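Student: I would like a close look at one part of this model. Please start from a single ring, then work outward through whatever lies around the structure.

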Amino acid sequence: MRFGPSPGDASRFVSAWSDVAGVGRDHLRGGYSRHAFDDPEMQLRQWFAEQAQRRGLEVENDRNGNVWAWWGAPAPGAVVTGSHLDSVPGGGAFDGPLGVVSALLAVDELRVRGITPARPLALACFLDEEGGRFGLPCLGSRLLTGAADADHVRRLHDADGMSLADAARRVGFDPSTMGPDPARLATIGAFVELHIEQGRLLRAVDPAAVVGVASEIVAHGRWRLTITGQGNHAGTTAPADRADPMIPAAAAVLAARRALSGFDGAVATVGRIIPVPGGTNVIASAVSLWLDVRHADATVTAAVVDAIVADVRAEAAAEGCTVMVQRESMSDRVTFDPGLGLEISGRLGVPVIPTAAGHDAGVFAAHVPTAMLFVRNPSGVSHAPDEHADAADCVTGVQALADVLETLVGDINPAARHVGAGDE
Ligand SMILES: [Zn+2]
């Protein structure tokens, strides 16, 4: 990087970070619960709009619940950076907001460097990246690019039975306009998302690296298994009379763990399981569980799901239960723009690593040159309250993002720059 972080950068980061750190804390689960269109997420949108306006950026909502802030009028060739404001239930502080805060601070850094972008630069926050409320991840980017059907999305429900359409209306968004936005997509010349690293690969590849560049996202998907049995009394129901859907559900959990050793490089997880009715002294009548499966190769991902479902079906047949399997989402392996990734990695002198975590950048990669920057995460923990990045590393991330954006947007008047004025 050409400019080292200064003490001023650190205080700017700490100040911006403290704005978001108090919003959406989950006192029950720990960490943060910020979900699409809920109060904390709307509060962060408001904060983002104010911060962008304070920087003289033009803020607008698009048709798909994403918010944009423009430096320069929207036009083809625009460089876009940003991330998401929502979290998983009880998630970490950094997943999403770090990319948004870094985008705002990168604008400050470009101004300190005296850059006047030759191309428009936009900051964006995308709707429901985690799918924590409506089940389908990367909603905003999928709707915008046409990767998700708007009718299907409008009908998605949250755990309280509220449809996405109603949730959108409740906070002033018109769900009827959701759908592909080719005109907006056509303005994007490049997309760069900065994100906290999820996992510890960066450290394994280069123990000194603070920042990394993503090469690819492995294939990943979510499946919902609904197992139906016979609700009954936990005390009085004889073994032969039981049709307990929790037994095949348990088989799913164990089969997912076995898949880790049975399929090289695959991961499979049951992280959510809902028994109906959910009473201590009640044999459940039905169990819903969600299976998350990931592997570099989509055909292996499918084979893992098949193997787990076969075990569940066998256990269900023995127990007298039925199984329904529904694929809720699937993302094929995504390779980020290799030219852009190599150029960034060379410019910053940082390693290139793959990831098994999904991102809006993965959706955009099918349409526009896309890159991701990762900021190291010493413990590797993510999607949990212990997720952490050091402030100094985040500042280095902002500098790296500014370097990348500076290259991509160009400077209208390079001669007029004050080089090195980095610590005002
Ligand atoms: Zn994220």
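**From one ring outward**

Tutor: Start with tryptophan 17, which counts as buried because its relative accessibility is 12% and the cut-off for buried is under 20%. Keep in mind that this is a predicted model. How many aromatic pairs does a search of the whole structure find? The count is 8. Tryptophan 17 is in one of them, stacked with phenylalanine 13. Their ring centres lie 5.7 Å apart, and the planes meet at 15 degrees. That is stacking because planes under 30 degrees apart count as stacked. Phenylalanine 13 is buried too, at a relative accessible area of 3%. Now look at where the two sit: both are in helix H1, residues 7-21. They are 4 residues apart there, so about one helical turn separates them.

Now compare a second pair, tryptophan 68 with phenylalanine 126. Their ring centres are 5.9 Å apart, and their planes stand at 90 degrees, so this pair is edge-to-face. Tryptophan 68 belongs to strand E2, residues 67-71. Phenylalanine 126 belongs to strand E4, residues 121-126. The pair therefore ties together parts that are 58 residues apart in sequence. Both tryptophan 68 and phenylalanine 126 are buried. They also belong to one aromatic cluster, formed by Trp68, Trp70, Phe126, Phe191 and Phe364.

Charges meet rings here as well. Arginine 184 lies over the face of tryptophan 68, 4.9 Å from the ring centre. Elsewhere, arginine 272 places its charged end over the ring of tryptophan 290, at 3.8 Å from the centre.

Next, a metal. Which protein atoms are the donors of the zinc ion? They are NE2 of His84, OD of Asp95 and NE2 of His195, lying 2.0 to 2.1 Å from the ion. Along the chain, the donors follow the spacing H-x10-D-x99-H. Histidine 84 is in strand E3, residues 78-84, while histidine 195 is in strand E5, residues 188-196. So this pair ties together parts that are 111 residues apart in sequence. Histidine 84 and histidine 195 are both buried.

Now a helix, H10, residues 298-319. It has 22 residues, and at 1.5 Å a residue it should span 32 Å. Its end C-alpha atoms are 31 Å apart, which agrees. Which residues of H10 are buried? They are Thr301, Val304, Val305, Ile308, Val309, Val312, Ala316 and Glu319. These cover an arc of only 120 degrees around the axis, which means they are on the same side of H10. The general reason is short: an α-helix has 3.6 residues a turn, so residues three or four places apart point the same way. Turn to the face away from the buried side of H10, and you find the exposed residues Thr299, Asp306, Ala314, Ala317 and Ala318.

What do the buried residues of H10 pack against? Their partners are helix H9 (246-262) and the strands E7 (219-228), E9 (267-276), E11 (286-295) and E12 (322-331). After H10 comes glycine 320, with a positive phi near 80 degrees.

Strand E7 also holds threonine 226. Threonine 226 counts as buried because its relative accessibility is 18%. Leaving out residues up to four places away in sequence, threonine 226 touches Val287, Ser288, Thr322, Val323 and Met324. Threonine 226 and serine 83 are 143 residues apart along the chain, and their C-alpha atoms are separated by 33 Å.

Finish with the backbone in the loops. The peptide bond from valine 276 to proline 277 is cis, with omega near 5 degrees. Proline 277 is in the loop between E9 and strand E10 (282-283). Aspartate 128 is a residue other than glycine with a positive phi, near 45 degrees. Its loop runs between E4 and helix H4 (139-145). Is aspartate 128 buried or exposed? Aspartate 128 counts as buried because its relative accessibility is 0%. Histidine 383 also has a positive phi, near 60 degrees. Histidine 383 lies in the loop between strand E15 (370-375) and helix H13 (391-409). At 37% relative accessibility, histidine 383 counts as partly exposed.

Terms used: Residues are numbered from 1 along each chain as its sequence is written. This is a predicted model: local features need pLDDT of at least 70, side-chain atom pairs count only at pLDDT 80 or more; totals for chains, interfaces and linings use all residues. Side-chain values use heavy atoms; hydrogens and water are left out. Rings of Phe, Tyr and Trp (its six-membered ring) pair if their centres lie within 6.5 Å; planes under 30 degrees apart count as stacked, over 60 as edge-to-face and the rest as tilted. Buried means under 20% relative accessible area, exposed over 50%, partly exposed in between (1.4 Å probe, protein chains only). A charge sits over a ring if NZ of Lys or CZ of Arg is within 6 Å of the ring centre and within 35 degrees of the ring normal. The expected span of a helix is 1.5 Å times one less than its number of residues. The arc is that of the directions from the helix axis to the C-beta atoms. Contact means heavy atoms within 4.5 Å. Donors are N, O and S atoms within 2.8 Å of the metal (3.2 Å for Na, K and Ca); water is not among the atoms, so sites may look incomplete.
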